[in-house]
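Reader: Hey, can you walk me through this one? I'm new to this, so plain words please.
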Amino acid sequence: MPAKPPVLTPPANRSPAAVVTLADYRHDDLLWENDRTAHRIYGHALEAVEPPSGSGIDSWGKQYPWPFADRQLRTGDQHGYHGEGLDFYNVGTGRGAGGLGIWHDNKLWTSRNYVAHRVLASGGDAADFEVDYAPWPVGVDRQVSETRRFTLPLGTHFTRMVSTLSSDRPEPLLVGIGIGRRTTGPDGGEVTIDRAGGLMTWWGPDDDAHGRMAIALRVDPSAIVEVRDDADNHLIIVRVTPGTPLVYYSGSAWSRGAGGFDTREKWNAYAAGEQLDFSVPAPATQ
């Protein structure tokens with residue numbers, strides 16, 4: 001009989017908290033979570049170990065309101081269920097749950113893994129941090145770099161993203177914000193688009209062992225240029241001026257976790273109804 005996977009080390013505190021954790025023991029993965037949802041992005045050190053890793057956003061199934069992602073990752077088997085949640089969402093080189101790229105020449109040009117980070121708040125009512133992405137090419141005659149701030153308060157499934165793009169040319173950029181198309185299996189899941197509401201949702205395929213993941217993007221509808229697919233992603237394309245912050249939101253949920261999202265209709269109604277602020281926040285301070 002195969003051995004049962006070990007349960008996680010019990011949490012030191014079972015109170016809800018929004019936390020940011022640098023997993024320097026795992027090639028600088030950066031984890032953030034609140035009482036409802038959990039995520040990960042990948043550090044520069046991982047590029048040499050797991051090519052071709054990228055700058056997409058990973059989303060984890062989370063079952064309880066206290067933090068678990070760091071303890072889950074330390075098992076060395078984050079893809080297995082150890083009593084509090086698991087990671088069965090496969091980002092690959094796609095955009096995952098709300099990563100972005102530059103749409104140019106009918107192609108999405110994307111950065112590599114983040115190269116620097118700054119934790120602004122952790123352990124209380126909000127997880128708040130910034131990361132930098134090194135310059136990457138867009139076509140043959142342009143370079144772009146990015147600083148992005150991530151803020152996840154308690155009580156919501158949505159992380160606010162504030163992306164500031166810099167470029168060696170002043171012309172506006174077309175930015176593609178994406179949801180990966182096949183992140184939990186060969187079936188693509190179900191997509192709902194409400195362009196007038198600035199909303200795209202994805203309801204993942206069911207898996208007897210894992211359940212479903214659900215993803216949502218919210219953008220300012222007035223900024224939308226196009227909604228389309230590429231080979232790896234469902235994309236909302238918006239126009240951005242270099243140096244001007246872009247505010248958007250990425251949401252995710254697990255069908256077996258917080259929120260009770262056991263149908264596509266429940267997830268879509270929540271994603272459309274959440275009150276979100278698209279104004280640019282004050283600059284981050286540490």
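Author: Sure. This is a predicted model, where local features need pLDDT of at least 70, side-chain atom pairs count only at pLDDT 80 or more, and totals for chains, interfaces and linings use all residues. Residues are numbered from 1 along each chain as its sequence is written, and side-chain values use heavy atoms, with hydrogens and water left out.

Reader: Ok, which strand is Ser252 in?
Author: Ser252 belongs to strand β18, residues 246-254. Strands are DSSP runs of E, at least two residues, numbered from the N terminus.

Reader: And is Ser252 buried or exposed?
Author: Ser252 is buried, because its relative accessible area is 0%. Buried means under 20% relative accessible area, with a 1.4 Å probe and protein chains only.

Reader: So what does Ser252 touch?
Author: Leaving out residues up to four places away in sequence, its contacts (heavy atoms within 4.5 Å) include Thr37, His39 and Trp267.

Reader: Switching topic: how many aromatic pairs are there?
Author: Searching the whole structure gives eleven. One of them is Phe261 with Tyr270, tilted, at 5.3 Å centre to centre and 55 degrees between the planes. Rings of Phe, Tyr and Trp (its six-membered ring) pair if their centres lie within 6.5 Å; planes under 30 degrees apart count as stacked, over 60 as edge-to-face and the rest as tilted.

Reader: Are those two buried or exposed?
Author: Phe261 and Tyr270 are both buried.

Reader: Which residues form a cluster with them?
Author: Phe158 and Trp267 join Phe261 and Tyr270 in one aromatic cluster. Trp267 also came up as a contact of Ser252.

Terms used. Helices (H or I, at least four residues) and strands (E, at least two) are DSSP runs, numbered from the N terminus. Buried means under 20% relative accessible area, exposed over 50%, partly exposed in between (1.4 Å probe, protein chains only).
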